[in-house]
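Dear colleague,

Please find below the structure I promised to hand over, together with its sequence. My notes on it follow.

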Amino acid sequence: MIRSLLILTACSSLTGCRDEPSVFNGLDANQDHRLSLTELEQGVTAGLFKTYDADQDRIITTIEWRKLDPDGDPIFMHQRDDNRDGRITPEEALSSVHRRGFCRDLLNKTDTNQDGVVDSAEAGRWASDHPEIIDRLHIGD
Ligand SMILES: [Ca+2]
Ligand SMILES: [Ca+2]
Ligand SMILES: [Ca+2]
């Protein structure tokens, strides 16, 4: 989700293709045209569930994860499944994203005017400067 966001914002700033559906707006829960830390963390969490929660019951099971990532490192589940029941809830995923500080780092790097939020111009600039880590973003690693 973040990945699409950054690609889209880069796209609109570089080529002016503004007809793309706005993923940025989708992440911007309070519609203030800025992404806060919470909005970023919720966006990464939502992206994780979009990717792995095949039956859309808002639980990622070990089986669902293995279906998509048969050779994946078990640390993926360990890092997120706080109560070790083999199921990742949205709350567990969100707290894992928060704990690992990934979005905080991203926000600090992206927020060039240091007002604590990311606007679409900042997101677009960051995306074009850091193509190498965009692939990590959609699962929050
Ligand atoms: Ca916002
Ligand atoms: Ca599920
Ligand atoms: Ca769990």
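How many helices and strands does the secondary structure of the chain come to? There are nine helices and four strands. Please bear in mind throughout that this is a predicted model. Read from the N terminus, the elements follow the order α-α-β-α-β-α-α-β-α-α-β-α-α. The chain has 141 residues, of which 28% are buried. Of the contacts between residues at least 6 apart in sequence, 57% join residues at least 24 apart.

I turn next to the core. The largest nonpolar core contains 19 residues, and L40, V44, C103, L107 and A123 have the most contacts inside it. At least two residues of this core come from each of α2, α3, α6, α7 and α8 (120–129). The greatest contribution is that of α3, which gives four residues.

Helix α6 deserves a closer look. Its span is residues 90–100, and its buried residues are A93, S96 and V97. Viewed down the axis of α6, these buried residues fall within an arc of 100 degrees, so they line one face of the helix. An α-helix has 3.6 residues a turn, so residues three or four places apart point the same way. The face of α6 turned away from the buried side carries the exposed residues E91 and R99. The cover over the buried residues of α6 includes α3 (37–52), α5 (75–80), β3 (87–88) and α7 (102–110). After α6 comes G101, with a positive phi near 70 degrees.

The pairing of α3 with α6 can be described in some detail. Their axes come within 9 Å and cross at roughly 130 degrees. That angle makes α3 oblique to α6, and the crossing in which α3 passes α6 is right-handed. On the α3 side, the residues that meet α6 are E41, Q42, V44, T45, L48 and F49; their counterparts in α6 are P90, A93, L94, V97 and H98. V44 thus appears both in this contact and among the core residues with the most contacts, while A93 and V97 of α6 meet α3 and are also buried.

The loop between α2 and β1 is the last region I wish to raise. Q31 lies in this loop, which runs between α2 (23–27) and β1 (34–35), and H33 lies there as well. Both residues have a positive phi without being glycine: the value is near 55 degrees for Q31 and near 65 degrees for H33. Are these two residues buried or exposed? Q31 is exposed, because 7 other C-beta atoms lie within 10 Å, and H33 is exposed too, with 11 such atoms within 10 Å.

D28 is also found in the loop between α2 and β1. With 21 other C-beta atoms within 10 Å, D28 is buried; the cut-off for a buried residue is 20 or more. Which residues does D28 touch, not counting those up to four places away in sequence? They are H33, R34, L35 and E39. D28 and E39 are 11 residues apart in sequence, and their C-alpha atoms are 6.4 Å apart in space. The buried D28 therefore touches the exposed H33.

With kind regards

Key:
Residues are numbered from 1 along each chain as its sequence is written. Chains are lettered from A and ligands numbered from 1 in the order in which they are written. This is a predicted model: local features need pLDDT of at least 70, side-chain atom pairs count only at pLDDT 80 or more; totals for chains, interfaces and linings use all residues. A residue is buried if 20 or more other C-beta atoms lie within 10 Å of its own, exposed if 12 or fewer, and partly exposed in between; C-beta atoms are placed from the backbone. The arc is that of the directions from the helix axis to the C-beta atoms. Two residues are in contact if their C-beta atoms, placed from the backbone, lie within 7 Å. A nonpolar core is a set of buried Ala, Val, Leu, Ile, Met, Phe, Trp, Tyr and Cys residues joined through C-beta atoms within 7 Å. Axes are lines fitted to C-alpha atoms, for helices over the stretch in contact, and angles run from 0 to 180 degrees between N-to-C directions. Angles under 35 degrees count as roughly parallel, over 145 as roughly antiparallel, 65 to 115 as roughly perpendicular and the rest as oblique. A crossing is left-handed if the near helix is turned anticlockwise from the far one by less than a right angle, and right-handed if clockwise.
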